[in-house]
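Here are a few notes from going through the model you sent. Have the structure open while you read.

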Amino acid sequence: MDNITTIYDLKKKIQFFCEERDWDQFHNPKDLAIGISTEANELLDIFRFKSNEQMQEMFKDDVTKTHIKEEIADILFFVLRFAQMNNLDLEDCICDKLQKNAQKYSIEKSKGKNLKYTEM
């Protein structure tokens, strides 16, 4: 459950899973980054050319929703494994990025807008 399990717990589960299979040798930064991208594109492919209504319906279909959940899990697996293998603290990563984004996207300039900071 998201409100109980920590990022650390997930990283440890994935580390154990991979070490049991002797996969450390394959999990360098490049290949893990490729995995993140590949899995993200598989998620994107599910939604390609779909209308808002079609996408809402997809979450009501158990088979499609399961497929979406599996792709989300695959993405998170690679992100957590990347962080674990490279000693990155994800909370620090997120907090640092949020702080930088708060400067780029002030509430006054960006509220209700989807423009890149260079376009504001």
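The points below deal with two charged patches and a few residues of one helix.

1. First, a reminder that we are looking at a predicted model, so please read each point with that in mind.

2. Helix α5 covers residues 90-104, and most of what caught my eye involves it. Leu90, Glu91 and Lys97 are the ones to click on: Leu90 sits in this helix, as does Glu91, and Lys97 is found there too.

3. Is Leu90 buried or exposed? It counts as buried, because its relative accessibility is 17% and the cut-off for buried is under 20%. Outside its neighbours within four places in sequence, Leu90 touches Ile7, Leu80 and Ala83.

4. For a sense of distance, take Leu90 and Asn3: 87 residues separate them along the sequence, while C-alpha to C-alpha they are 17 Å apart in space.

5. Next door in the numbering, Glu91 has 52% relative accessibility and therefore counts as exposed, the limit being over 50%. Glu91 also belongs to a patch of negative charge on the surface, together with Asp89, Asp92 and Asp96.

6. Which residues form the positive surface patch? Lys97, Lys100, Lys104 and Lys116 do. Colour this patch and the negative one separately when you make the figure.

7. One small caution on wording: Lys97 comes out at 42% relative accessibility, so call it partly exposed. Keep "exposed" for residues such as Glu91, at 52%.

Terms used
Residues numbered from 1 in each chain as written. Predicted model: local features only at pLDDT ≥ 70, side-chain atom pairs only at ≥ 80, totals over all residues. Heavy atoms only, no water. Patch = residues over 30% accessible without salt bridge, like charges linked within 9 Å, V, L, I, M, F, W, Y side chains within 5 Å. Areas by Shrake-Rupley, 256 points an atom, 1.4 Å probe, with all protein chains shown as cover. Salt bridge = Lys/Arg side-chain N within 4 Å of Asp/Glu carboxyl O. Lys, Arg positive; Asp, Glu negative; His and termini not counted. Charge placed at Lys NZ, Arg CZ, Asp CG, Glu CD. Helix = DSSP H or I, 4+ residues; strand = E, 2+ residues; numbered from the N terminus. Buried < 20%, exposed > 50% of the residue type's maximum accessible area, 1.4 Å probe, protein only. Contact = heavy atoms within 4.5 Å.
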